[in-house]
Amino acid sequence: MANAAELRELSDAELAEKHDQFKQELFDLRFALVTGQLDNPTRLKQLRRDIARVLTVQRQRELQTTEESTK
């Protein structure tokens, strides 16, 4: 599980890569859930929250860049 402080230390490219990894893992887990092979259903919730954290950090950076450019 990634926390926000760790995510803020990543570069934009690394953050995008992390987002892609989380999305792929979420897809795989959803597939396993449908086929009845999912061992840890709580991981789905953790992944959704991790994805939300990544998107939040990306949005904060976007807003910060916009704010700096308007000054």
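Within this predicted model, D50 and R53 join their side chains in a salt bridge, with 2.8 Å from N to O. Both residues belong to helix α3, where they stand 3 residues apart, about one turn of the helix. The chain as a whole has 3 helices and 0 strands, and by the rule applied here it holds 5 salt bridges. The points below treat the overall form, the salt bridges, a positive surface patch and some single residues.

**Overall form of the chain**

- Read from the N terminus, the elements follow the order α-α-α.
- The radius of gyration is 15 Å, well over the 11 Å that the globule rule gives for 71 residues, so the chain is more spread out than a compact globule.
- Along the principal axes, the C-alpha atoms occupy a box of roughly 55 × 15 × 15 Å.
- Of the 71 residues, 24% count as buried.

**The salt bridge between D50 and R53**

- Side chains of opposite charge can pair when their charged atoms come close.
- D50 has a relative accessible area of 0% and therefore counts as buried, since buried means under 20%.
- R53, the partner of D50, has a relative accessibility of 26% and counts as partly exposed.

**The salt bridge between E25 and R43**

- R43 pairs with E25 in a salt bridge in which the closest N and O atoms are 3.1 Å apart.
- Because R43 lies in helix α3 and E25 in helix α2, this pair ties together parts that are 18 residues apart in sequence.
- R43 counts as buried, at 18% relative accessibility, whereas E25 counts as partly exposed at 29%.
- The two pairs do not stand alone: E25, R43, D50 and R53 are linked in a network of salt bridges.

**The salt bridge between D12 and R61**

- D12 and R61 bring their side chains together in a salt bridge, at 2.7 Å from N to O.
- This pair links distant parts of the chain, with D12 in helix α2 and R61 in helix α3, 49 residues apart.
- D12 is exposed, with a relative accessible area of 55%.
- R61, by contrast, counts as buried at 18% relative accessibility.

**The positive surface patch**

- Five named residues, K23, R30, K45, R48 and R49, form a positive patch on the surface.
- Helices α2 (12-35) and α3 (42-70) are the elements that give two or more residues to this patch.
- Helix α3 supplies the largest share, 3 residues.
- K23 is a member of the patch and has its place in helix α2.
- The relative accessible area of K23 is 43%, and K23 is thus partly exposed; this value meets the requirement that patch residues have over 30% relative accessible area.

**Single residues and distances**

- L44 is located in helix α3 and is buried, with a relative accessible area of 10%.
- Between L44 and A32, which are 12 residues apart along the chain, the C-alpha atoms are separated by 11 Å.
- L63 also has its place in helix α3, but counts as partly exposed at 45% relative accessibility.
- From L63 to R48 the separation is 15 residues in sequence and 22 Å in space, taken from C-alpha to C-alpha.
- E25, found in helix α2, stands 34 residues from R59 in sequence and 22 Å from R59 in space, C-alpha to C-alpha.

**Points to retain**

- The chain is built of 3 helices and 0 strands, and its radius of gyration of 15 Å shows that it is more spread out than a compact globule.
- Helices α2 and α3 are connected by the salt bridge of R43 with E25 and by that of D12 with R61.
- Within helix α3, D50 and R53 are about one turn of the helix apart, and both belong to the salt-bridge network that also includes E25 and R43.
- The positive patch draws on helices α2 and α3, with the largest share from α3.

How values were computed. Residues numbered from 1 in each chain as written. Predicted model: local features only at pLDDT ≥ 70, side-chain atom pairs only at ≥ 80, totals over all residues. Heavy atoms only, no water. Patch = residues over 30% accessible without salt bridge, like charges linked within 9 Å, V, L, I, M, F, W, Y side chains within 5 Å. Areas by Shrake-Rupley, 256 points an atom, 1.4 Å probe, with all protein chains shown as cover. Salt bridge = Lys/Arg side-chain N within 4 Å of Asp/Glu carboxyl O. Lys, Arg positive; Asp, Glu negative; His and termini not counted. Charge placed at Lys NZ, Arg CZ, Asp CG, Glu CD. Helix = DSSP H or I, 4+ residues; strand = E, 2+ residues; numbered from the N terminus. Buried < 20%, exposed > 50% of the residue type's maximum accessible area, 1.4 Å probe, protein only. Rg over C-alpha atoms; globule rule 2.2 N^0.38 Å.
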